[in-house]
Amino acid sequence: MSNHTSLRTPATPRLASRLALGIATLALALPLAACDSGTDPQDPSSPTPSESTETSSPSDDAAAPDPVGKWTSPEKGDPFLEFSDDGSLKGSDGCNAIVTTWEVKDDEIAIDPFMTTQKACAGVDPWLSKASAATIEGTVMKVQDSNGKVIGGLEKEEK
């Protein structure tokens, strides 16, 4: 029998050291994975998580238009639309009453079809009675007809 020391380590300590090395590697890699920008370095034009194309409900989206309040025009007859939190909408085209409902769809305010009186008022342009949708840019609401054509604008009334 030889009287020398074996340089070979038993299997159990080797397994333990591999496991420890794996855990250490994982512990270092996880925090770095959390720092991922979400962009593909091969394609810098790829969207970042903040530019995600996923849609969210209007209540989750800070950029969704908020029409609640009164929107007016200085035109003859003082046309206006007043949007309520409950989805109701009332207004006037300057001569005829408007009563309907509304909802936000993507970045647009959809105005449900409504019936209105057809009184003739001298010098009043009843353009607002054709309202079907609207968008908001700052303090201006651009009102569109059913074809998507902008037919006029209203300004947010200060409280």
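The secondary structure of the chain comprises one helix and eight strands, in a model that is predicted. Read from the N terminus, the order of these elements is α-β-β-β-β-β-β-β-β. The chain has 159 residues, of which 25% are buried, and its accessible surface amounts to about 11500 Å², with 55% of that area belonging to carbon and sulfur atoms. Among the contacts in the chain with a separation of 6 or more, 37% are accounted for by residues 24 or more positions apart.

The pairing of the strands is described here beginning with strand S1, which spans residues 69–72 and runs antiparallel to S2, the two being joined by four bridges. Within this pair, threonine 72 has phenylalanine 80 in S2 as its bridge partner. Strand S1 is also joined, by two bridges and again in an antiparallel sense, to strand S8, which covers residues 150–156; in that pairing, tryptophan 71 stands opposite lysine 156 of S8.

Threonine 72, which lies in strand S1, illustrates how this region is assembled. With a relative accessible area of 24%, threonine 72 is partly exposed, and, when residues up to four places away in sequence are not counted, it touches Pro79, Phe80, Leu154, Glu155 and Glu157. The C-alpha atoms of threonine 72 and glycine 153 are 8.5 Å apart in space, although the two residues are separated by 81 positions in sequence.

A further antiparallel pairing involves S4 and S5, which are joined by four bridges and form a hairpin with two residues between the strands. Lysine 105 has glutamate 108 in S5 as its bridge partner, while aspartate 106, located in the turn, has a positive phi of about 60°. Strand S5 is in turn joined to strand S6, residues 133–137, through two bridges, and these strands likewise run antiparallel. In this second pairing of S5, alanine 110 stands opposite alanine 133 of S6.

The largest nonpolar core contains 18 residues, and those that touch the most other members are Leu81, Phe83, Ile111, Leu128, Met141, Val143 and Leu154. Two or more residues of this core are given by each of strand S2 (80–83), strand S4 (97–105), strand S5 (108–111) and strand S7 (140–144), and S4 gives the most, with three residues. Such an arrangement may be set beside the general tendency, in soluble globular proteins, for nonpolar side chains to be buried together. The surroundings of isoleucine 111 give a more detailed view: apart from its neighbours within four places in sequence, isoleucine 111 is in contact with Leu81, Phe83, Leu89, Thr100, Thr101, Ala131, Ser132 and Ala133. Of these contacts, Leu81 and Phe83 are also listed among the core residues that touch the most other members.

Serine 88, found in strand S3, was examined in a similar way. This residue is partly exposed, with a relative accessible area of 27%, and its contacts, leaving aside neighbours within four places in sequence, are with Glu82, Phe83, Thr100, Thr101 and Trp102. The side chain of serine 88 is joined to that of aspartate 86 by a polar contact of 2.6 Å. Serine 88 and glutamate 103, which are 15 residues apart in sequence, have a C-alpha to C-alpha distance of 8.9 Å.

The structure holds one disulfide, which joins cysteine 95 to cysteine 121 with an S to S distance of 1.6 Å. This pair links distant parts of the chain, given that cysteine 95 lies in the loop between strand S3 (88–92) and S4, whereas cysteine 121 lies in the loop between S5 and S6, 26 residues apart. The torsion about the S-S bond of cysteine 95 and cysteine 121 is about 60°, and the disulfide is therefore right-handed. The two cysteines fall into separate accessibility classes: cysteine 95 counts as buried because its relative accessibility is 12%, under the limit of 20%, whereas cysteine 121, with a relative accessible area of 29%, is partly exposed.

Technical notes. Residues numbered from 1 in each chain as written. Predicted model: local features only at pLDDT ≥ 70, side-chain atom pairs only at ≥ 80, totals over all residues. Heavy atoms only, no water. Core = buried A, V, L, I, M, F, W, Y, C linked by side-chain atoms within 4.5 Å. Buried < 20%, exposed > 50% of the residue type's maximum accessible area, 1.4 Å probe, protein only. Contact = heavy atoms within 4.5 Å. Pairing = 2+ DSSP bridges. Disulfide = S-S within 2.5 Å. Areas by Shrake-Rupley, 256 points an atom, 1.4 Å probe, with all protein chains shown as cover. Polar contact = N/O pair within 3.5 Å; in protein donor to acceptor, adjacent residues only side chain to side chain.
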